[in-house]
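Colleague: Please choose one part of this model and describe it closely, with the cut-offs behind each term. I should like a connected account.

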Amino acid sequence: MKQTLGELMRMSRICRMVIATCLGSFILVIFYFQSMFQPGRVCCLSSFCHSPLDPSGAAVLHQGRRDQVVDACRVNNASSRKRRVLTPGDLKHLVVDEDHELIYCYVPKVACTNWKRVMMVLTGRGKYSDPMEIPSNQAHVPSNLKTLNQYSIAEINHRLKNYFKFLFVREPFERLVSAYRNKFTLKYNSSFHKRFGTRIIRRYRKNPTQDALINGSDVKFKEFIEYLVDPATQHDGPLNEHWQTVYQLCHPCHIHYDMVGKYETLEEDANYILRLVGVGDSLRFPSYAKSTRTTDAMTAQFFGNISTQQQFQLYQLYKMDFLMFNYSKPSYLRLD
C-alpha cells in the first residue's frame, strides 16, 4: 500500500512537471508572436524590441503607417511567420550611417538615387555638402556606402535595436511601370537588355527577329508582365531588385521601421526625417523632376492590354506591398 501511494505521489509530481513545462512553452510561443506583431515592437534577428522614435506632431500619421504594416503582417501570418529569423544576406539593402545612427532600406524606383546621395553626405564627414554634386553613378557604387550585411551578428542586432530605421515606398504598379520604362525603353540600359531582354523575348515572343534575340532592346510591357507572372521566373531565383517587392527587399514583417515614407509625399517625409535626426538646417532633400515621373494615369495606359488573368496574377505577386503600405487596389484592374 505504501509503495502504491508513493508511486501515485511520484506520478502526480511528474504530471505537474509536464503540465508546467507545456504551459511554459505555450507562454513562450505566445510571447514570441505578441512581440513580433504588437504595434511599436518587433523581433529583429533576436528577441529584443524597442519603441519608435517620433516626437513631432506628425506622430499620428507615422504611427498609423507603422500600425498598417503590423496589421498586414498579422493578417498574412502564414507567409510572415514562415521565416522567423533573418540572415545577414537579407540585409544588403539596409544602408548604415554610423554618425547619425540611421538605417535606410533603399527600394529602387523610389527616389533611392537621391537618398543614397543624401546618405553619402551624412556619412562623408565633410567630403560632400550638396547631394546633387554627387554623380548618380557614384551613388550606386557599393563601396561608397556601408550596408548592414557587412557587420557581425552582434553588431547587426545592436544597430537594429538602437538605430533609427526608415524606408520609402511607392504605389506598387506605378513603381513597376517606372522600372519597365527605365530599364527596357532607354537605349543606355543595354546591360538590362542583354541580361533580361533577350531572355524575355526568347521565351514570350513569337517569331522574334535575330536582332531582338541578340540585343533584347525592344521588350514590350506585355512580355515583361508575362515574364513576371511565369512560375519559371520564380524558379530562376529572386526577382531583380528593380521589380522585387518591398516586402522581400526590406523585410518589414521582421524589422520594425521607425518611419515609412511615401513617394507621393517624398520631399515632405524626407525633410521631416532630416529634421528628426538633427541635420534639417544644413541639409535638404533634393527636388525631383515631376515632368518625367511615371504617374497613375500613365500606369493605367500600360495595363490596358494586360489580360484579366495576368492582372490577377500580378496583383497576387505584389499584394503584400499593397496591403502593408495602404495602397488601394487600382481602379483600372479587371479582377472581378
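Modeller: The account below starts at the largest pocket and follows one of its helices outwards, ending with the sheet.

This is a predicted model, in which local features need pLDDT of at least 70 and side-chain atom pairs count only at pLDDT 80 or more, whereas totals for chains, interfaces and linings use all residues. Residues are numbered from 1 along each chain as its sequence is written, and side-chain values use heavy atoms, with hydrogens and water left out.

The largest pocket (an open set of points on a 1 Å grid over the protein atoms alone, where a 1.4 Å probe fits, with protein on both sides within 12 Å along at least five of seven lines) has a volume of about 1,200 Å³, the space filled by probe spheres set on points joined across faces, edges and corners. Its lining, meaning residues with an atom within 4 Å of a point, numbers 40 residues, and Lys109, Cys112, Thr113, His140 and Asn182 lie nearest the centre. By class, 16 are nonpolar, 15 polar and nine charged (nonpolar: Ala, Val, Leu, Ile, Met, Phe, Trp, Tyr, Cys, Pro; charged: Asp, Glu, Lys, Arg; polar: the others, Gly among them). Helices H4 (112–123), H5 (136–139) and H7 (172–184) each supply at least two lining residues (helices are DSSP runs of H or I, at least four residues; strands are runs of E, at least two; both are numbered from the N terminus). The largest share, five residues, belongs to H4.

From the pocket, H7 leads to H15: the two pack at about 120° with axes 9 Å apart (axes are lines fitted to C-alpha atoms, for helices over the stretch in contact; angles run from 0 to 180 degrees between N-to-C directions). Pro172, Phe173 and Leu176 of H7 meet Leu314, Tyr315, Tyr318, Asp321 and Phe322 of H15, contact being heavy atoms within 4.5 Å. This contact comprises seven nonpolar residues, no polar and one charged.

H15 (residues 308–324) also approaches H2 (residues 59–75), their axes coming within 8 Å and crossing at roughly 140°. Here Gln68, Val69, Ala72 and Cys73 of H2 touch Met320, Leu323 and Met324 of H15; six of these residues are nonpolar, one is polar and none is charged.

Elsewhere, five strands form an open sheet of mixed pairing, ordered E3-E1-E2-E4-E5 (strands pair if DSSP finds at least two bridges between them). E3 (146–147) and E5 (259–262) each have a single partner strand, so one side of each lacks a neighbour in the sheet.
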